[in-house]
Amino acid sequence: MTLTARPANPTAPRVAIIGGGIIGLSCAFELAIRRSVPVTLFDPAPFGRGASWAAAGMLAPAFEAAAEEGAHPHLFDLCHHGAELWPAFAADVGQAAGTNLGFSAGPSLALAFDQDQTADLHHLARALDERGIAHEELRPVVARETEPAISERLVAALHLPTDGQVDNRAVVTALIAALQACPHATLRNEAAPLEDNGKGLHLPGHDAILVTAGWNTAAVKVHQNGDLFSLVNWDTSLDEINCIGGQMMSVACGPDLPKMTLRCGPIYIAPKADRVIVGATMEPGIATAAPEPDKIAQLRADAARLCPAIAEAPELETWAGIRPGTPDRAPLIGATATPGLFIAAGHYRNGILLAPITARIMADLILGGPVMPLAREFRPDRAYTTA
Ligand SMILES: Cc1cc2nc3c(=O)[nH]c(=O)nc-3n(C[C@H](O)[C@H](O)[C@H](O)COP(=O)(O)OP(=O)(O)OC[C@H]3O[C@@H](n4cnc5c(N)ncnc54)[C@H](O)[C@@H]3O)c2cc1C
């Protein structure tokens with residue numbers, strides 16, 4: 001442990017964080033370790049084992065945001081600024097926990113194997129041109145020299161220097177270790193006893209409450225006069241969070257498998273130090289509990305079109321996760337109508353990418369400091385508008 005905590009700030013509010021996925025853990029890291037603010041993190045389930053464990057760890061502002069139809073008009077800006085915060089965040093978290101997070105700032109390759117996919121790549125390139133984001137069209141022969149694992153059926157490729165990755169499981173493990181060693185942070189493996197005390201929302205011993213319970217955020221419980229209400233019913237200015245199921249698998253690393261992250265439509269191959277992740281299904285409205293063999297087999301077959309060696313690579317693990325979504329595919333970040341109650345949830349398919357920027361915004365808001373103007377666009381009470 002080399003990132004030493006300073007003494008607690010005696011004037012800081014005592015913050016309760018409800019939900020210990022990457023968003024809650026990152027907010028706790030920003031508050032307790034970077035800013036010496038006392039924090040209690042509540043989660044009745046094992047910390048870090050929700051969507052944040054299921055994810056692929058791609059940090060992909062270009063591919064994710066520029067290609068998304070119908071997304072919040074400023075989502076790309078949030079993703080782009082979020083990616084800029086990752087190098088320092090990875091260094092600080094890695095240093096605090098004394099571990100390597102497998103962080104790489106980029107690049108990734110977006111691939112096309114037929115006419116429709118080539119049209120999608122051109123659409124992506126135009127969107128990146130309009131925003132002045134670096135990218136380069138590669139001839140198939142050049143792309144295959146860069147990453148020899150790609151199928152020889154490749155038709156077109158786009159080099160995305162801004163799209164990196166991290167080992168998301170290493171990140172949440174490191175965040176937990178760093179917080180456990182921090183004198184300003186308390187991790188409680190239980191639900192927070194939130195109560196309506198007649199004046200508002202109350203949690204004994206705390207001045208501010210930040211809910212980061214992923215797709216369960218709306219369902220967090222509040223005690224009122226002996227009854228239990230879901231947060232979304234108790235504070236009716238809040239909104240439901242959608243769930244979008246996703247199934248994935250990992251295979252063993254091997255000499256014929258990719259070393260770079262490869263993307264093609266919804267299919268991707270994301271190599272980590274000890275496994276190669278193959279993803280992912282998109283299943284709106286499905287709180288998928290377990291992976292289904294037929295969907296996993298289809299996923300492997302689809303990924304083998306990008307990289308033939310995937311077909312025979314030894315399977316390590318299959319799993320299912322739930323992306324927390326909103327109607328405009330952007331997170332809800334900020335204060336609510338209830339004094340002292342803050343929300344950071346609904347990060348959909350970019351929660352790993354957006355963890356450091358969410359943590360910075362939430363810490364600035366809770367501590368009353370200057371907040372980046374972009375944050376206003378993602379207020380929980382916003383009207384949904386799409387690009
Ligand atoms: C298959 C898949 C692939 C993905 N790939 C990527 C990717 O490559 N890059 C990327 O940026 N994002 C990716 N994502 C999205 C990303 O994983 C999520 O946006 C992110 O993990 C959300 O983090 P979270 O902390 O809000 O939620 P979670 O990680 O789900 O954490 C929420 C926590 O809240 C807890 N909780 C629930 N109810 C309560 C309660 N009442 N009280 C206290 N705690 C509670 C849960 O136990 C859980 O620990 C992917 C997601 C999936 C499913």
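In this predicted model, helix H10 gives way to Gly 368, a residue with a positive phi, near 75°. The helix that ends just before this glycine covers residues 355-367. Its 13 residues reach 18 Å from the first C-alpha to the last, close to the 18 Å expected at 1.5 Å a residue.

The surroundings of H10 are worth a look in the structure above. Ten of the 13 residues are buried, so H10 is largely enclosed by the rest of the structure. The buried positions include Ala 355, Pro 356, Ile 357 and Thr 358 at the start of the list, as well as Arg 360, Met 362 and Ile 366. Ala 359, Ile 361 and Ala 363 are buried too. The partners against which these buried residues pack are both helices and strands: helix H1 (22-35) and helix H4 (75-97), together with strands S1 (15-18), S11 (208-211), S20 (332-335) and S21 (341-345).

Helix H1 appears again at the ligand, where H1, helix H2 (51-54), strand S14 (242-251) and strand S19 (315-325) each supply at least two residues of the surrounding shell. The largest share, four residues, comes from S19. In total, 41 residues surround the ligand, and the closest are Gly 21, Gly 50, Gly 214, Gly 246 and Gly 351. By residue type, the shell divides into 22 nonpolar, 16 polar and three charged residues. Both domain 1 (15-94 + 168-241 + 328-378) and domain 2 (107-161 + 242-325) take part, with at least three shell residues drawn from each.

Methods. Residues numbered from 1 in each chain as written. Predicted model: local features only at pLDDT ≥ 70, side-chain atom pairs only at ≥ 80, totals over all residues. Expected span 1.5 Å × (residues − 1). Buried ≥ 20, exposed ≤ 12 C-beta atoms within 10 Å, placed from the backbone. Contact = placed C-beta atoms within 7 Å. Near = placed C-beta within 6 Å. Nonpolar A, V, L, I, M, F, W, Y, C, P; charged D, E, K, R; others polar. Domains from an automatic or database assignment.
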